[in-house]
Amino acid sequence: MADMRAFRDAVAGWATGGPDGPARELATSLGARTAVLLEGLSDLAAVEALAARRGRDLAAEGVCVVPMGGAMSVGRYATLLGPPGLGLRLTGLCDENEQGFYESGLTRAGAPSQDIHVCVADLEDELIRALGTAGVEEILGAEGDLRAWQTFQRQPAQHGRPRDQQLRRFLGTKKGRKIRYGRLLVEALTPGRTPPPLDGLLAGV
């Protein structure tokens with residue numbers, strides 16, 4: 001895991017104008033063959049949680065899971081990690097609104113875009129639908145966030161909004177909450193209820 005964190009840091013440095021040597025050396029030492037391009041850290045938490053549930057060590061399998069800090073960075077990361085750079089196979093998970101960025105980024109890098117797994121709205125939406133709003137609220141209660149959730153629901157801006165949309169917004173209202181619940185919601189999934197984009201991503205690497 002330490003080597004994978006170092007690889008992510010090296011790639012992030014390379015993407016912002018740093019040297020390519022550290023990323024290349026770590027890719028070789030990790031036996032990297034595939035890069036999973038994710039928008040952010042909450043997606044990373046969910047992917048790592050699902051891999052752990054399925055008994056998989058992605059780093060040991062040569063799968064490098066890379067959060068990019070936003071979908072608009074995908075072209076840069078695809079160029080560095082795909083055919084023009086490290087030569088890794090590229091796949092990824094994205095929100096529906098960001099699909100165009102992913103497709104154009106992978107295409108410009110000479111990588112096939114059919115390995116992009118698209119969430120209907122975003123990953124939180126997929127997980128809320130898989131668990132049901134009552135299931136998510138049960139997790140909020142277990143984590144001590146039920147009172148904060150109920151206070152949030154009473155805000156004027158939330159009146160009349162569907163509960164699933166309220167939950168999606170609530171998860172993004174506090175720094176680090178989406179990351180924490182990205183893991184917790186995945187860990188609460190029952191067999192056969194994994195959202196198709198997330199399930200397809202793990203099955204394909």
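Here is a short chat about how two domains of this predicted model meet.

Reader: Which residues belong to domain 2?
Author: Let's split the chain up using its domain assignment. Domain 1 comes in two pieces, 1-121 and 194-204. The other domain, domain 2, is 123-188.

Reader: How many residues does each domain bring to the contact?
Author: The centres of the two domains, taken over C-alpha atoms, are 26 Å apart. For the contact itself, we look for heavy atoms within 4.5 Å. Domain 2 brings 15 residues, and domain 1 brings 18.

Reader: What is the area buried between domain 1 and domain 2?
Author: People often describe the size of an interface by the accessible area lost when the parts come together. Here carbon and sulfur atoms give 71% of that area. The total buried between domain 1 and domain 2 is about 1,200 Å².

Reader: Which three residues supply more of the area that domain 1 buries than any other three?
Author: Together, this trio accounts for 34% of what domain 1 buries against domain 2. They are Ser42, Arg53 and Pro195.

Reader: Which element gives the largest share of the side of domain 1 that touches domain 2?
Author: Four elements supply at least two residues each: H3 (41-53), S3 (89-95), S4 (116-119) and H11 (196-203). The largest share is eight residues, and it comes from H3.

Reader: How many residue pairs are in polar contact across the interface?
Author: On the domain 1 side, 14 residues are nonpolar, one is polar and three are charged. Salt bridges across the interface come to zero. Residue pairs in polar contact, with both at pLDDT 80 or more, number four.

Technical notes: Residues are numbered from 1 along each chain as its sequence is written. This is a predicted model: local features need pLDDT of at least 70, side-chain atom pairs count only at pLDDT 80 or more; totals for chains, interfaces and linings use all residues. Side-chain values use heavy atoms; hydrogens and water are left out. Domain bounds come from an automatic or database domain assignment. Buried area is the accessible area (1.4 Å probe) that two parts lose on being put together, summed over both. A salt bridge is a side-chain nitrogen of Lys or Arg within 4 Å of a carboxyl oxygen of Asp or Glu. A polar contact is a pair of N or O atoms within 3.5 Å; within protein, one must be able to donate a hydrogen and the other to accept it, and residues adjacent in sequence count only if both atoms are side-chain atoms. Ala, Val, Leu, Ile, Met, Phe, Trp, Tyr, Cys and Pro count as nonpolar, Asp, Glu, Lys and Arg as charged, and the others, Gly among them, as polar.
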